[in-house]
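This report describes the fold, the nonpolar cores and the charged pairs of one protein chain. Please consult the sequence and the structure shown here while reading.

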Amino acid sequence: MRQLIGVVKTTLETSSSLDWNLDIVMWRTPFYDVKNLKELPASYNDFKKQKLLPTSPLFPVTLPVAETELDWGPLPTFSDLKEFIKEKLGKSKESWNLMTEMPAEVLLKENLSKSSGTIPKSLNDKSIEQRRLDKSVFVTRKGDVVGGGTNTLLNALAAYLRYLEGTARDDWQEVHERLRNAETREGASFTSLFGPALCLGIISRRRVHYEAIKYEKERNAGFLSPFGYSAASWFWLLALKSQVSNEGLYSIRIWRWRGHLIQYTVVGLEGPAILLVHGFGAFLEHYRDNINAIAKYGNHVWGITLLGFGQSEKPNVVYTELLWAEMLRDFIIEVVGEPVHLVGNSIGGYFVSIVASLWPSLVKSVILMNTAGNVIPEFSSHRFPSERQTSAAARLGAQLLLFYLRLNIRNTLKNFYPTKTNRADDWLINEMLRAVSSLLFEFQDHSYDPGVTVVLESIFSFDLSIPLNYLLEGYEEKVLILQGMKDPLLDSKAKLAMLKEHCTGLAIRELDAGHCPHDEQPQKVNSIVCEWVVAVERKLTANSY
């Protein structure tokens with residue numbers, strides 16, 4: 001957008017038909033008014049030290065009336081719009097969009113019920129449409145998202161801020177009920193209820209901040225409302241900076257998923273689509289020597305930084321393996337737009353295995369590098385927890401883990417690279433510190449992002465009990481296992497033996513590497529991946545005939 005505005009400005013300045021002074025004003029709604037994004041500190045702590053004040057909300061600008069009479073033509077009807085979208089998407093894309101309507105957990109339950117011959121239990125209350133008022137502010141089918149005009153949103157916000165006071169108003173009681181249902185963890189309800197409205201621009205973060213401060217001043221009470229001041233503006237500034245600077249290894253793009261800012265990159269203009277998924281605590285740049293190299297072989301390569309990692313947003317939500325799987329599903333559908341060869345390292349391998357199992361039409365093949373996940377012979381059923389919520393023990397465990405990593409991350413990373421310890425360089429260590437450190441250590445001069453503790457808590461609530469041999473069923477001759485045999489986290493020989501015995505049609509390549517073979521032996525891994533993709537594409541082409 002900034003490049004486009006620059007072109008427009010240059011064109012108008014050089015036009016001889018204009019007889020007035022040119023002044024281009026961009027309508028922006030920043031929470032903090034940062035004059036030069038290129039000078040944005042790399043550290044959230046350094047950014048906080050600047051003590052920037054939130055900007056005040058502005059009334060919408062009034063545009064001058066055009067002097068030239070314009071023929072706007074007939075406006076299309078809603079039916080015309082639906083028909084246009086249907087033609088653009090095509091039948092396959094339309095069926096893909098239907099996939100996003102069913103949560104991964106519901107689909108997984110159905111699949112497990114079919115394989116075990118049992119009748120699936122009824123869904124929990126959260127998946128059933130809730131009772132709503134005739135003039136409800138909740139606009140989605142489930143009744144869990146606030147929508148409408150600005151005044152409607154401000155009324156719902158007023159109800160949200162006054163939750164602790166109680167109310168006799170039906171419309172405010174409805175908001176309070178949804179708030180309780182959405183409070184999966186402390187402070188998570190605000191983004192859940194109002195996130196889409198913020199994303200659409202119905203209200204701005206600075207207007208929310210203004211209303212919250214105004215309410216607190218008027219009330220002058222001794223307790224705080226559940227409204228929490230989000231650090232989302234920091235991630236928005238990081239996203240803007242990535243668009244105007246060339247500091248990174250790759251050109252960064254931004255995708256909004258469920259209102260959250262996700263960073264990704266793409267290299268190559270044509271060829272088979274390959275999506276690279278990193279492991280826990282990493283980011284897309286962990287494929288620093290893979291993305292360009294694989295693209296040079298004639299592939300269309302995508303890399304993504306998952307929600308909660310790297311410089312993607314770290315919202316206050318409950319992170320689960322199914323949440324990340326749904327994110328990858330939606331990225332393939334909304335951004336990539338075609339079936340992909342999925343590549344995953346560590347826990348990223350488990351995420352892509354879930355995607356392959358639940359949505360096979362999106363996946364051409366699966367490449368797992370030192371993947372997480374177990375092998376359970378004769379697996380047939382699974383009991384899901386009724387609700388995923390983090391406990392006090394998980395929060396304490398996350399803090400202890402942060403402390404350990406802060407003191408030992410250099411040695412830990414070097415153990416992951418047993419044959420090339422120099423690959424665990426300062427750049428990787430500093431970026432990992434951003435991904436796995438928190439404000440617990442804000443007194444030290446390092447780059448820490450807010451919200452990391454929430455992500456780390458998920459380690460203690462992961463459910464990896466759905467085994468790989470179940471998730472990879474139906475992918476005979478479409479799964480490649482790349483295993484660094486010197487992985488300090490597991491017994492590689494024992495794991496490969498179990499995979500060979502209980503997963504049919506696997507291709508396995510053993511590598512002289514540790515937990516991250518793609519970064520320790522990038523040339524070898526790049527060559528193997530490209531050869532694999534060529535072979536699979538040939539089989540798919542032959543089968544299509």
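## A partly exposed glutamate and its partner

The model is predicted. In it, Glu105 has a relative accessibility of 24% and therefore counts as partly exposed, as the range between 20% and 50% is the one given that name. Glu105 pairs with Lys109 in a salt bridge, in which the closest N and O atoms are 3.5 Å apart. Lys109 is likewise partly exposed, at 26% relative accessibility.

Both residues belong to helix H4, which spans residues 104–116. Because Lys109 and Glu105 are four residues apart in this helix, about one helical turn separates them.

## Overall composition

The protein has 545 residues, and 46% of them count as buried. Its secondary structure consists of 19 helices and eight strands. The accessible surface amounts to about 28,900 Å², with 53% of that area belonging to carbon and sulfur atoms.

Contacts between residues at least 6 apart in sequence were also examined. Of these, 73% join residues at least 24 apart.

## Nonpolar cores

In soluble globular proteins, nonpolar side chains tend to be buried together. Here, the largest nonpolar core contains 61 residues. Those with the most contacts inside this core are Leu275, Ile304, Leu306, Trp324, Met327, Leu328 and Trp359. Helix H11 (residues 321–336) supplies the largest share of the core, namely 10 residues. A second core, separate from the largest one, has 24 residues, including Val146, Ala158, Phe190 and Ala197.

Leu306 illustrates how the largest core is joined to other parts of the chain. When neighbours within four places in sequence are left aside, the contacts of Leu306 are Val277, His278, Ser312, Trp324, Met327, Leu328 and Phe351.

## Ser312, a buried polar residue

Ser312 is situated in the loop between strand E4 (300–304) and H11. Its relative accessible area is 0%, so Ser312 is buried. A polar atom of the Ser312 side chain lies 3.0 Å from the backbone nitrogen of Gln263.

Beyond its neighbours within four places in sequence, Ser312 is in contact with Phe235, Leu261, Ile262, Gln263, Thr305, Leu306 and Leu307. Gln263 thus appears in this list as well as in the polar pair described above.

## Val375 and a distant stretch of the chain

Val375 lies in the loop between strand E6 (363–369) and helix H13 (392–416). With a relative accessible area of 14%, Val375 is buried, because the limit for that class is under 20%.

Residues up to four places away in sequence aside, Val375 touches Pro467, Asn469, Met498, Leu499 and His502. The C-alpha atoms of Val375 and Tyr470 are 8.3 Å from each other, although the two residues are 95 apart along the chain.

## Further salt bridges

Side chains of opposite charge can pair when their charged atoms come close. The structure holds 15 salt bridges. One of them joins Glu326 to Arg258, with the closest N and O atoms 2.9 Å apart. This pair links distant parts of the chain, since the two residues are 68 apart: Glu326 is in helix H11, whereas Arg258 is in the loop between strand E1 (253–257) and strand E2 (260–267). Glu326 is buried at 9% relative accessibility, whereas Arg258 is partly exposed at 45%.

Glu177 and Arg178 also meet through their side chains in a salt bridge, at 3.4 Å from N to O. Glu177 counts as partly exposed, at 29% relative accessibility, while Arg178 is buried, at 2%. In addition, a network of salt bridges links Arg288, Asp289, Arg423, Asp425 and Asp519.

## A nonpolar patch at the surface

Which residues make a nonpolar surface patch of about 230 Å²? The patch is formed by Leu4, Val8 and Leu12. Val8 lies in helix H1, which covers residues 2–13. The relative accessible area of Val8 is 37%, so this residue counts as partly exposed.

Definitions and conventions:
Residues numbered from 1 in each chain as written. Predicted model: local features only at pLDDT ≥ 70, side-chain atom pairs only at ≥ 80, totals over all residues. Heavy atoms only, no water. Core = buried A, V, L, I, M, F, W, Y, C linked by side-chain atoms within 4.5 Å. Buried < 20%, exposed > 50% of the residue type's maximum accessible area, 1.4 Å probe, protein only. Contact = heavy atoms within 4.5 Å. Patch = residues over 30% accessible without salt bridge, like charges linked within 9 Å, V, L, I, M, F, W, Y side chains within 5 Å. Areas by Shrake-Rupley, 256 points an atom, 1.4 Å probe, with all protein chains shown as cover. Salt bridge = Lys/Arg side-chain N within 4 Å of Asp/Glu carboxyl O. Polar contact = N/O pair within 3.5 Å; in protein donor to acceptor, adjacent residues only side chain to side chain.
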